[in-house]
Each structure stands twice: as structure tokens, then as C-alpha cells.
Amino acid sequence: MLPLAQIAHGSGHDVGGSDRSFDQGRTPEKFAWLEKNGFELFPQDGSGITSPDQILIASAAIEDTVPEVARAKELGCQRMSRAELLAAFFNRAERSIAVGGTSGKSTVTAMIAWILHECGSDPTVMNGAVMKNFASPDNPFASARVGTSEMFVSEVDESDGSIALYTPTVAVLLNVSLDHKSMDELRGLFGDYLAAAEHAVVNFDNDEARALASRAEDAISFAVRDAGADLAVTHGSIVEQALSIEAELSDNRSDESFALHVSMPGMHNLSNAVAAIAATSAVGVPVGKAAAAMRTFAGLARRFDVVGTTVSGITVIDDFGHNPEKCAATLRTLKSTSGRVIAFFQPHGYGPLRQMGEELAQTFAEELGAEDVTIMCDPVYFGGTVDRSEGTERIVTMIREAGASAEHIAERSACGDRIVALAQPGDRIVVMGARDDTLSVFARSIFERLG
């Protein structure tokens, strides 16, 4: 909601709001920044809704019992979902790039934004994470960028079906895998998404995405493994390092090759970079210039975000991994170099834990080795009516039954004590989870205690 509020405010609208975390005193620096920058904040008691002329924007997580929702209904206020408002801004732009797929959306969105910025464009950007290249002391919460109406770049979500609201100039499809909907539903949504765009950019390494490319009127293919894609990585050119990856990028449309360096580790981030370069080429950015711009891409907050490395060589990493695919990508990247991994995971809710618990357990059991340790606390809970009957203990039991090492410690602070006690020189400690900004504070506290 924060980046959308920034874009609405930057477009000249009066914006106010409420948040459970504000009432609970969580992340006070964020709310202080909002007030300082012209956003009016209210307690979540309905007091912010005073006129039928107001429009209530509520995320999918907001229940009808929340006082603002009840008050807006009483006054007859128009109500829009987060996606409906975003789509209204997005579809008004002269040219637009949408980034869809099960994973990697935020990273690719930020990469596209940085390439466009470095190549002389002034895009408006909607993202789900803070983009380090655009963050500053004046705007530390740069998950949005307010530019001109000529170019709008945004990640788009399939989980609630809202991807159908967007009519992009360029539709990027990164991958299609089981998440919130059945595979048949996902194929329909993503196929229609590609068909609605003037140009499509499709990952030919992903079989499901590749099969949908025929739905597009005009498609650019990209790949890391498939050398025949329009933009492909030259076989044998990949060099993986602990905190970066590089390769030679081949533009098979022009028979040109370019050096590509990504200051983020992992094959998935190499694929993300190629996707971003393909997307910007669809709006006229030369591939060589886009590849050069990637050298200065600084990454995202909480996307394999290195907090620091101690004198004894213990590295602490803050990461957004919260579903099986995202966790697997992070753990696989960590295991591509030597050293023990201590993986801390905070589930982002009781509902998601029930929905994907078995797959999460399988991910931690399969991706980590005998010397590694998984530590999980109870799911994050900010209040509400959610069923809390099934918790983290079940997941930890399944990991242990699969032969891996895992511990359940209910309180997060006690998990921190355990991690500090376990840590040895050369370890990599990764803090994983979503929907809780205080996870970054937790990661920093571990580093400071070890440092």
C-alpha cells in the first residue's frame, strides 16, 4: 500500500490512511516519515472516513469488520481494491511495462526502472520492495518512484486475479508455478495477460511460460539455459561468486554479445537481469546500454540483502523468502558457495503456513545439507480472526522426519539468542520472511551482537 500511496500523492491526490501497525507502535520511523511528507494518519477506528466523496482503498488483507470499511459503507464511499487503483494509474500511461510471474517480479521491476533511468527515461515505478538505487535520506522507503506519465513500470499480481486489469505495452512473464491458484487458472490468467499486451517478453527456460508465448501478438524470448532464445546467455560464460554473478549475453537477433555483471548472486538473478534487458529492448533501449546499466544496479532491500560480515567471517543476510520457490532460490544461492547455513524463517501468517507448509518443509529439507540448521519461530500475527490452530511445530517436525536439522522456538527474540549461540566463523545466517518490517531490525540486531 505504501508505494501506491506515494504514487497517488505524487499525482496530486490528498492521501490519508490507517494501519494496524501504526496503532501498535510498530516501525514508528516509517509512519513519522509519512506524516512529515503530507500523508494524514488516523487510528484504525473509522475516524479518517468523514465524507462520501472519499475513496476507500483497501488491500485484500483488510476484513469487512475493520471500522474504516464499515464507516465507508455507511457513508456510501466508493471502494476500490489496491489493484484497481494501481491499474487506473498504469493504464493511463503512454507506455507501460508490466512484470508478472510467480517469483522475481520485484527484482525485475527494479532492474527495468534502473535501466530506463540510466538510459535517460523518467519512469513512474510501482514496486513491492525498496529499490536501493532510488532510496535516499529524504526517501528511505523508495518502493515507488514518481516520474512522468510517459512510462509506467509495475509488478502485477496473479494471486487475486487482478493481473487481468492491466493493458501493458510490454508484458513480462518470468515463470508460472503453483502458488495461490491451480495451474489451469494460472495458465488462463497469464495467457490472457500476454494476449492483452502489444509486446511480450517470455522466459523460455520456464516450460509453462514458454508454452504461453503463442498467446502473444509479438514476443521476445529470453533465457539463461536455452541458447536459442532471442536474448540468451552464452554457454560456459557464467562465473558465480558469493555476492555476484556475471556472464556473456548474446543478442541472437543482431549477432552481438555483451558483458553482463549483476551485483546480486544466484542463477535466478542472472535470469532476472536478462529479463529486464529484454523488456527494455522492447521499448527501444539498446541491449548494450541496458547491460552496461546493470553494472550499477544496487538491488532491493530484503532481497538477499547483505547486512554485513563480521571480522570472524560470519555473514548475515536479510531476505524476503516466504514461499517455497523464493526460499529455494535463496537457499540454493547460499549453498552454491562453501560454508554452513543457519536459516531463520518466520512464517508470514497461519493461513499461508497451512496452505504451503508441506512444500516449505520439503524445500528446507532438500536445499540444506546435514551441517546446516533451520530455526523457525511462530507465525507473525497482528490481530484479526485467523485460525491459529496449526503452527510452526508441524513444519519443523516434517523437516526433521525428512532427515534435516530444524528447531522450533516460539519467540523470535529467543531464536536470536539461539542463532548467536550457534554461530561459528564462516557461517552464513539468513533471516527470511514477509509482511513484517521488523525482520530487518531483527537481522541487524543479530549482526550487531555477533560483530
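# A walk through the predicted fold

Leaving aside neighbours within four places in sequence, Asn252 is in contact with Ala227, Gly228, Ala229, Asp230 and Ala232. The model is a predicted one. Asn252 sits in a loop, between strand 14 (245-251) and strand 15 (256-262). Asp230 is 22 residues from Asn252 in sequence, yet the two C-alpha atoms are 5.1 Å apart in space. One of the other partners also offers a polar atom. The backbone oxygen of Ala227 is 3.0 Å from a polar atom of the Asn252 side chain. Asn252 is partly exposed, because its relative accessible area is 35%, and the partly exposed range runs from 20% to 50%.

Now step back to the whole chain. The protein has 15 helices and 21 strands. Its C-alpha trace spans about 60 × 55 × 45 Å along the principal axes. How does the radius of gyration of the protein fit with that of a compact globule? For 451 residues, the globule value would be near 22 Å; the protein has 22 Å, so the two agree. Of the 451 residues, 54% are buried. Contacts reach far along the chain. Taking those between residues at least 6 apart in sequence, 66% join residues at least 24 apart. The outer surface comes to about 19000 Å² of exposed area. Carbon and sulfur atoms supply 48% of that area.

Next, go to helix 3, residues 28-36. Which of its residues are buried? They are Lys30, Phe31, Trp33 and Leu34. Seen down the axis of helix 3, these buried residues fall within an arc of 155°, so they line one face of the helix. Pro28 and Lys36 are on the other side, and both are exposed. The cover over the buried residues of helix 3 includes helix 1 (2-10), helix 2 (20-23) and strand 2 (40-41). After helix 3 comes Gly38, with a positive phi near 95°.

Helix 1 deserves its own stop. Gln6 is found there. Is Gln6 buried or exposed? Its relative accessibility is 7%, so Gln6 counts as buried; the cut-off for buried is under 20%. Not counting residues up to four places away in sequence, Gln6 touches Trp33, Phe39, Asn139, Phe141, Ser143, Ala144 and Val146. Trp33 in that list is one of the buried residues of helix 3. Phe141 also takes part through its backbone. Its backbone oxygen lies 3.4 Å from a polar atom of the Gln6 side chain.

Helix 4 covers residues 67-75, and its buried residues are Glu68, Val69 and Ala72. Viewed down the axis of helix 4, they lie within an arc of 100°, so these residues line one face of the helix. They pack against strand 3 (55-58) and strand 4 (78-81). Just after helix 4, Gly76 takes a positive phi of about 80°.

Further along the chain is helix 11, residues 324-335, which holds Thr333. Thr333 counts as buried because its relative accessibility is 6%. Within the helix, the backbone oxygen of Ala329 lies 2.8 Å from a polar atom of the side chain of Thr333. Leaving out residues up to four places away in sequence, Thr333 touches Pro265, Gly266, His268 and Phe304.

The last stop is the cysteines. How many disulfides are there? The count comes to zero. Cys327 is in no disulfide, and its nearest cysteine sulfur, that of Cys377, is 13 Å away. Cys327 has 0% relative accessibility, so Cys327 counts as buried. Why does Cys377 not form a bond with Cys415? The sulfur of Cys415 is the closest cysteine sulfur to that of Cys377, but at 5.0 Å it is too far for a bond; a disulfide needs the two sulfur atoms within 2.5 Å. Cys377 is also buried, because its relative accessibility is 1%.

Note on methods:
Residues numbered from 1 in each chain as written. Predicted model: local features only at pLDDT ≥ 70, side-chain atom pairs only at ≥ 80, totals over all residues. Heavy atoms only, no water. Helix = DSSP H or I, 4+ residues; strand = E, 2+ residues; numbered from the N terminus. Buried < 20%, exposed > 50% of the residue type's maximum accessible area, 1.4 Å probe, protein only. Contact = heavy atoms within 4.5 Å. Polar contact = N/O pair within 3.5 Å; in protein donor to acceptor, adjacent residues only side chain to side chain. Arc of directions from axis to C-beta. Rg over C-alpha atoms; globule rule 2.2 N^0.38 Å. Areas by Shrake-Rupley, 256 points an atom, 1.4 Å probe, with all protein chains shown as cover.
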